[in-house]
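Please examine the sequence and the model shown below before reading on. The paragraphs that follow proceed from strands and sheets to the whole chain, and then to individual residues and charged pairs.

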Amino acid sequence: ISDQKPLGCWSVKHGQILTCPVVCNFETHEYIAVHDDKVLRIWKNEDISLDKAFKATLSADVYRIHSLPQGGPVVLFKGGAVRTLDVLLEAPQQEIENVISGEVIRWSGAFMEGQQPVLIFTTEKDKNFFVYVQKPKLSSLHKYKLERESAKPVCFTAHITNQTVTLLCLYSNGSVYQVLIPLQQDTEEEEILSKSLLLNFSASETVLKGTSLVALDKDHVAVLGSLIAPRKGSRECLTIWNTKFQTLQTSKELPLGTSGQLWCYEEKFFLIHGEVLTVIMYKCETSSLAAAVGKLKCSQTPDVSSFVNWNTLEDEELVVSFQSQESVALKAESRMNLRSRGSTVTEQQPETLSIGQLLLDLKDAPNYVLETELRKLMAKAPTPDLQATIGCVVTALTDRCKRNPKYYPQPFLQEIVETRDLSYSLCPDLMAVALEKKDMHLLQICLERFPDIPEEITFACLKAFLSMSESHLQNIDVNLDSVICYIDVEFDNKEVKTEIVENGFGAEMDQDMCGTKIPKQSQPWSDDDSCPVGPQKAALLNAVLHSAYTETFLLPHLKNLPAGQAILFLRYLYYLYVKCSEKVNTTLPGIRSPTINQIMDWMCLLLDAHFTVMVMLPEAKELLSNLHKFVRAQVRFYSELNKIEGSLRELQRLNHLRESHTYSIEVLEII
């Protein structure tokens, strides 16, 4: 999530359906999935296809797999039986008993009590709800019945403290009930559990739908869902409640809608807001009455309501934040959406303006005042919030650029990007503004430094670099460190041609391997010519080659590259490929020079995107022919090396056996 890049993707075959959430086995670092209810799949991160992954067909339908950091995966079947994964894999077709009869599982959770995994699940039958507590390693099972209410439970959550299960039940009328279940019980009879009202957070006649309930600690819960009230419609929101003092700590309406699911892991919320995965950090402090009612004047954490990023709800920048009452601190860490904007602010502290308020006050200030105040803000920003503060500074500058087309603080922006550890997600408008202003140097720096640039922006930079004329680029300040060591430039800016030897093979020696011969005098550009682009354009293209990307997302954009620019880019990639092949270690000299893998990957991408067009274009015929010949020559060269590999190893072995103080002449015949 920090780099906002997909790391892996696996798919089942057409017609198959994943029937429960995939989990990770913390002990073996493997993924575990179930498709079509009974088929278990286990694979590792380096595995490419699920078809070749481990497969086991079980004898009963699986409801959910729970993975515990110290207890391993636990499998819950739809019939209520529980097995650890190790026991299940010993005999996948073992008989699975039915623990429940006519009941439907509504919720399940797994926990560790000491060294023993404990699995809890709730079921429903004829509007009655039951609770099951199982210890699979001890073959222990207890069944309980919840007291019946006029309202219906919509979700559950639980935690275990001091050998007691605390089950929280959220009902459709907005009431949260607490149920205590001791783990040390010998009775086997079905017991009716009494519950106590923990809090009621909705007005009368208000109904909750599609909600999720998460316990943050013993005094705080988070609720995500839709509040449906008469004459007011439906409102989706995230709320944090103090159960000890029955107070609302903080809330945020989610206008783009949610999936109704809320996950909590390592003091972070994960929720879907519109089409965005939002990650929000939170911190619960010790509950006190003063904090619960927002009257706490002194806190251990001076800035408890840190930066919060949300989608912009209007065209203009909005300063939005959770109005935390200093008991629950929230901040948005990152989002899997690179193209949406968010505002980041802090809660106003006594005698100190918040960043959000300061930026609002500077909105109409003169340019020199704005830059001066922003420099001061960066200088005194606290270390934990430094990155987010700098992101706010860049956002303020880019917003001023969009409002005032004549304003563009290029030196200030370049200084920030070069000296600060920024990312695209912290300042998503910066590269768009740089593209509009044709600031090639700033784009080069961003491409080299930002780890999370969207493929759409990477393609826009590539297209801008290729479309810019060489004469215009000569007047632009561009960092040439990545090209100066392998493109020899004379004072008249023309490259000195050097003879290229292709790992022991000249172009003419393999000429007979290709069916089409092209006379040398008719070749406008050939594999032993100079670089097809100038050093400035080459340096900018190298920055693109260094940018991280996902092939699936980049390929559709590359197909929109004009044919002329695609051929020029392929010529440059071919030039780099030949240059790399001159070296024994296939490495270009210089700082931030492209690697052979980056060059090959981009060549393959470009050919995949434009192969049909290039085959049809006469001007690309020579290029493809030269590329074909060069690759075949290299394949032949390495094939010859493979033939003498055994002899070379034998020679190496004999060198180790030979005594160093003796002198001899040996003749080795290589057959």
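Two strands are said to pair if DSSP finds at least two bridges between them. The model to which this term is applied here is a predicted one. In general, the strands of a sheet pair through backbone hydrogen bonds, and the pairing is either parallel or antiparallel.

One sheet of this model is open and consists of four strands, arranged in the order β12-β13-β14-β16 with antiparallel pairing. The edges are occupied by β12 (153-161) and β16 (196-200); each has a single partner strand, so one side of each is left without a neighbour in the sheet. From one strand to the next, the twist averages 25 degrees. Within this sheet, β12 pairs with strand β13 (residues 164-171) in the antiparallel sense, over eight bridges. One may take Ile-160 as an example: the bridge partner of Ile-160 in β13 is Val-165.

A further pair of strands is found towards the beginning of the numbering. Here β1 and strand β2 (residues 30-35) pair in the antiparallel sense over five bridges. The bridge partner of Leu-18 in β2 is His-35. Together β1 and β2 form a hairpin, with four residues between the two strands. In the turn of this hairpin, His-29 has a positive phi of about 55 degrees.

The segment before β1 (18-25) contains Gly-8. This residue, Gly-8, counts as partly exposed because its relative accessibility is 43%. How far apart are Gly-8 and Asn-45 in sequence and in space? They are separated by 37 residues in sequence, and their C-alpha atoms are 7.3 Å apart.

The view may now be widened to the whole chain. The protein chain has 671 residues, of which 49% count as buried. It contains 16 helices and 24 strands. If one considers the contacts between residues at least 6 apart in sequence, 58% of them join residues at least 24 apart. The accessible surface of the protein chain comes to about 34,500 Å², and 51% of this surface belongs to carbon and sulfur atoms.

Two residues illustrate how accessibility is described. Phe-611, Val-615 and Met-616 make a nonpolar surface patch of about 340 Å². Of these, Val-615 has its place in helix α14 (residues 596-616). With a relative accessible area of 48%, Val-615 is partly exposed. Is Thr-243, by comparison, buried or exposed? Thr-243 is buried, because its relative accessible area is 7% and buried means under 20%. Thr-243 lies in the loop between β19 (233-242) and β20 (247-253). Leaving aside residues up to four places away in sequence, Thr-243 touches Leu-198, Leu-199, Lys-218, Asp-219, His-220 and Val-221.

The last topic is charge. Side chains of opposite charge can pair when their charged atoms come close. The count of salt bridges comes to twelve, and three of these pairs are described here, beginning with Arg-83 and Glu-97, whose side chains meet at 2.8 Å, N to O. Arg-83 lies in strand β7 (residues 82-84) and Glu-97 in the loop between α1 (85-90) and β8 (104-113), so this pair ties together parts that are 14 residues apart in sequence. Arg-83 counts as buried, at 14% relative accessibility, whereas Glu-97 is partly exposed, with a relative accessible area of 38%.

Glu-124 and Lys-152 form another salt bridge through their side chains, at 3.9 Å, N to O. This pair links distant parts of the chain, since Glu-124 is in strand β9 (residues 116-125) and Lys-152 is in the loop between β11 (140-146) and β12, 28 residues apart. Glu-124 counts as buried at 11% relative accessibility, while Lys-152 is partly exposed, with a relative accessible area of 44%. Both residues also belong to a network of salt bridges that links Arg-106, Glu-124 and Lys-152.

In the remaining example, the side chains of Glu-470 and Lys-537 meet in a salt bridge at 3.9 Å, N to O. Glu-470 is in helix α10 (residues 470-473) and Lys-537 in helix α11 (residues 535-546); the pair thus links distant parts of the chain, 67 residues apart. Glu-470 is partly exposed, with a relative accessible area of 26%, whereas Lys-537 is buried, with a relative accessible area of 4%.

How values were computed: Residues numbered from 1 in each chain as written. Predicted model: local features only at pLDDT ≥ 70, side-chain atom pairs only at ≥ 80, totals over all residues. Heavy atoms only, no water. Axes fitted to C-alpha atoms, helices over the stretch in contact; angles between N-to-C directions. Buried < 20%, exposed > 50% of the residue type's maximum accessible area, 1.4 Å probe, protein only. Contact = heavy atoms within 4.5 Å. Areas by Shrake-Rupley, 256 points an atom, 1.4 Å probe, with all protein chains shown as cover. Patch = residues over 30% accessible without salt bridge, like charges linked within 9 Å, V, L, I, M, F, W, Y side chains within 5 Å. Salt bridge = Lys/Arg side-chain N within 4 Å of Asp/Glu carboxyl O.
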